[in-house]
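Work through the following exercises with the sequence and the model open beside you. Try each task before reading its solution.

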Amino acid sequence: MEHFNNQMVVEFDSISKNESFARVVVAAFVTRLNPTLEEIADIKTAVSEAVTNSIIHGYENMDGKIRIETHIVEDTVTIIVTDYGVGIDNIDKAMEPMYTSKPELERSGMGFAFMEAFMDELFVESTVGKGTTITMRKVIRQDKEDIQEEKPEKREVNVKESVIGKQEGNSSSGVK
C-alpha cells in the first residue's frame, strides 16, 4: 500500500454558492487515495451538510468565512470545517435527527445525521458567540480488489489461410 501524507486548507465566504465548490475541492483532493464512487459521494455529502450548517446556522446567512482543512494520513481522510459564527448552545440537541433550530426555513434537521452516517467518525466542538468546528474522518479502503470485466478469449487468426481457404471453396474459418 502506498502511503500518503498531505494537507489542504481553503477558506471562502459563507454564501450558499460556495457549498458546491467546497464539496468538489475536497473530493478532488481525496482522489489521490483512489476512493470508490460511493466513498466520494459520502465525502461530498458530508462536506455539503457541514458547510450548509455553517452558512445557515453558524452565520444565519450573514457575512463570514468558512475554513476547511483536509488532511490525508495514510488511508485516512480528516476534514475539519470551521465557522466563526454564533456557535451551538446545545450540541447534543442539535445532533438529534429531525431537530432544527430554523423550522421557519423548512430545514429537515438531518445535517448531523447525514454527516454521521456517511463518515466513520464525527466530532463537534462549539462555543456560543465564537463558532463551531466539525471534524469528520473516513478511512478509504486500500484493499479493494480490481473488478475487471471478463475479457474475451484471444484467438489467433491466420488471414492468409482464411482467404486461401475461401478461394478454394474450403469452409474453414482460419481460426486456430
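Helices (H or I, at least four residues) and strands (E, at least two) are DSSP runs, numbered from the N terminus, and two strands pair if DSSP finds at least two bridges between them. This is a predicted model, in which local features need pLDDT of at least 70 and side-chain atom pairs count only at pLDDT 80 or more, while totals for chains, interfaces and linings use all residues. Residues are numbered from 1 along each chain as its sequence is written, and side-chain values use heavy atoms, with hydrogens and water left out.

**Exercise 1.** List the elements of the protein chain from the N terminus on.

*Solution.* Begin with the totals, which are five helices and five strands. Then follow the chain from its N terminus, and the elements appear in the order β-α-α-β-β-α-α-β-β-α.

**Exercise 2.** Work out in which order the strands form the sheet, and which strands lie at its edges.

*Solution.* Strands of a sheet pair through backbone hydrogen bonds, either parallel or antiparallel. Here five strands form an open sheet in the order S1-S2-S3-S5-S4, with antiparallel pairing. The edge strands are S1 (5-13) and S4 (121-127), each of which pairs on one side only. Next, look at S4 and S5 (residues 131-139), which are joined in the antiparallel sense over seven bridges; for Val124, the bridge partner in S5 is Ile134.

**Exercise 3.** Find which strands helix H1 and helix H2 meet, and how the helices are directed.

*Solution.* Contact means heavy atoms within 4.5 Å, and axes are lines fitted to C-alpha atoms, for helices over the stretch in contact, with angles from 0 to 180 degrees between N-to-C directions. Helix H1 (residues 18-30) packs on the sheet and touches S1, S2 (65-73) and S3 (76-83), its direction making about 170° with that of S1. Helix H2 (residues 37-58) lies across S1, S2, S3 and S5, and runs at about 175° to S5.

**Exercise 4.** Describe the largest nonpolar core and the surroundings of Ile68.

*Solution.* A nonpolar core is a set of buried (under 20% relative accessible area, 1.4 Å probe, protein chains only) Ala, Val, Leu, Ile, Met, Phe, Trp, Tyr and Cys residues joined through side-chain atoms within 4.5 Å. The largest one has 33 residues, and those with the most contacts inside it are Val47, Val51, Ile68, Ile79 and Met136. H2 gives the most to this core, with seven residues. Finally, leaving out residues up to four places away in sequence, Ile68 touches several residues, including Met8, Val26, Val47, Val51 and Ile79.

Terms used. Buried means under 20% relative accessible area, exposed over 50%, partly exposed in between (1.4 Å probe, protein chains only).
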